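Grab a pencil and work through a few short exercises on the structure shown here. Try each task yourself before you read its solution.

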Amino acid sequence: MTVGTQQQLSPVILPAKAARNATVTFMSNDSTIVNVTSEGVAQAVGVGTAQVIASADGVSCVYTITTELDESMIVKEMDITLASSTIAVGETTSLSLGVLPSSASNYASVSLSSSDPAVATVNNFGKVTGVAPGTATITVTAGAKSGYTSATKTVTITVNSKCSQ
């Protein structure tokens, strides 16, 4: 199944007479991958493999469902920019990230890091803070979750001493 889609599960109960009175219950072993309603509608909500168990009158069957992203959900390209590539100790600047296709931004896993946190730090929201004079490389990795190829880009920030006036 593709993430974002749903499918009706229809277990067959035999003999046919038993099917008339049977109440079927459904349960997913991992609702972060496949969620299932009480009516047996399986919804692909994450990437991976999950099992949905359908039970009636003490008899069960197992559906093994593998989910994946479609091409519009996978980061193909990205661009990052800093509002300013030079800041002073104690100052901040913002990092902006754009991914293509833009629809992949809802499914991408993004991580940010600094090559030298003693010079500049970066938080999960792209705020870069100057810590000490020097140069650091800010790396952004964006990719689809669960093992899909990631894109990585870097920018360099220079932190200068704070000038007193």
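**Exercise 1.** Work out whether Thr67 is buried or exposed in this predicted model, and find what its side chain reaches.

*Solution.*
- Step 1: Start with the location, which is strand β6 for Thr67.
- Step 2: Check the relative accessible area of Thr67, which is 3%. Buried means under 20%, so Thr67 counts as buried.
- Step 3: Look for a polar partner. A polar atom of the Thr67 side chain sits 2.4 Å from the backbone oxygen of Gly46.
- Step 4: Now list the contacts of Thr67, skipping residues up to four places away in sequence. They are Met1, Ile33, Val34, Ala44, Gly46, Val47 and Gly48. Gly46, then, turns up both as a contact and as the owner of that backbone oxygen.

**Exercise 2.** Do the same for Ser114: place it in an element, then find its polar partners.

*Solution.*
- Step 1: Ser114 belongs to strand β10, which covers residues 108-114.
- Step 2: Its relative accessible area is 18%. The cut-off for buried is under 20%, so Ser114 is buried.
- Step 3: Follow the side chain of Ser114. It reaches the backbone nitrogen of Asp116 at 3.2 Å, and one of its polar atoms lies 2.6 Å from the backbone oxygen of Ala120.
- Step 4: Leave aside neighbours within four places in sequence, and Ser114 contacts Ala120, Thr121, Val122, Ala136, Thr137 and Ile138.

**Exercise 3.** Which members of the largest nonpolar core touch the most other members?

*Solution.*
- Step 1: The core has 22 residues, and the ones to pick out are Leu95, Ala120, Val128, Ile138 and Ile157.
- Step 2: Trace where the core comes from. Two or more residues each come from β7 (77-82), β9 (92-100), β10, β11 (120-122), β13 (134-144) and β14 (150-160).
- Step 3: Zoom in on Leu95. Not counting residues up to four places away in sequence, Leu95 touches Ile80, Thr81, Leu82, Leu112, Gly126, Ile138, Val140 and Val155.
- Step 4: Don't stop there! Apart from the largest core lies another one of ten residues, including Leu9, Ile33, Val36 and Ala54.

**Exercise 4.** Describe the largest pocket: how much space lies in it, and what lines it?

*Solution.*
- Step 1: The space comes to about 180 Å³.
- Step 2: The lining has 13 residues, with Val12, Ile13, Ala56, Val59 and Ser60 nearest the centre.
- Step 3: Strands β5 (48-56) and β6 (59-67) are the elements that give two or more residues to the lining.
- Step 4: Sort the lining by class, and you get ten nonpolar, two polar and one charged residues.

**Exercise 5.** Track down the backbone oddities at Asp57 and Pro101.

*Solution.*
- Step 1: Recall the usual picture: most residues other than glycine have a negative phi, and most peptide bonds are trans.
- Step 2: Asp57 isn't a glycine, yet its phi is positive, at about 50 degrees. You'll find Asp57 in the loop between β5 and β6, and it is exposed, since its relative accessibility is 63%.
- Step 3: Leu100 and Pro101 are joined by a cis peptide bond, with omega about -10 degrees. Pro101 is in the loop between β9 and β10.

**Exercise 6.** How far apart are the C-alpha atoms of Pro15 and Thr81?

*Solution.*
- Step 1: Pro15 is in the loop between β1 (6-8) and α1 (16-21), and is exposed at 54% relative accessible area.
- Step 2: Pro15 and Thr81 are 66 residues apart along the chain, and their C-alpha atoms are separated by 65 Å.

Conventions:
Residues numbered from 1 in each chain as written. Predicted model: local features only at pLDDT ≥ 70, side-chain atom pairs only at ≥ 80, totals over all residues. Heavy atoms only, no water. Helix = DSSP H or I, 4+ residues; strand = E, 2+ residues; numbered from the N terminus. Buried < 20%, exposed > 50% of the residue type's maximum accessible area, 1.4 Å probe, protein only. Polar contact = N/O pair within 3.5 Å; in protein donor to acceptor, adjacent residues only side chain to side chain. Contact = heavy atoms within 4.5 Å. 1 Å grid on protein atoms, 1.4 Å probe; cavity = no way out; pocket = protein on both sides within 12 Å on 5 of 7 lines; lining within 4 Å. Points joined across faces, edges and corners; volume = space filled by probe spheres on them. Nonpolar A, V, L, I, M, F, W, Y, C, P; charged D, E, K, R; others polar. Core = buried A, V, L, I, M, F, W, Y, C linked by side-chain atoms within 4.5 Å.
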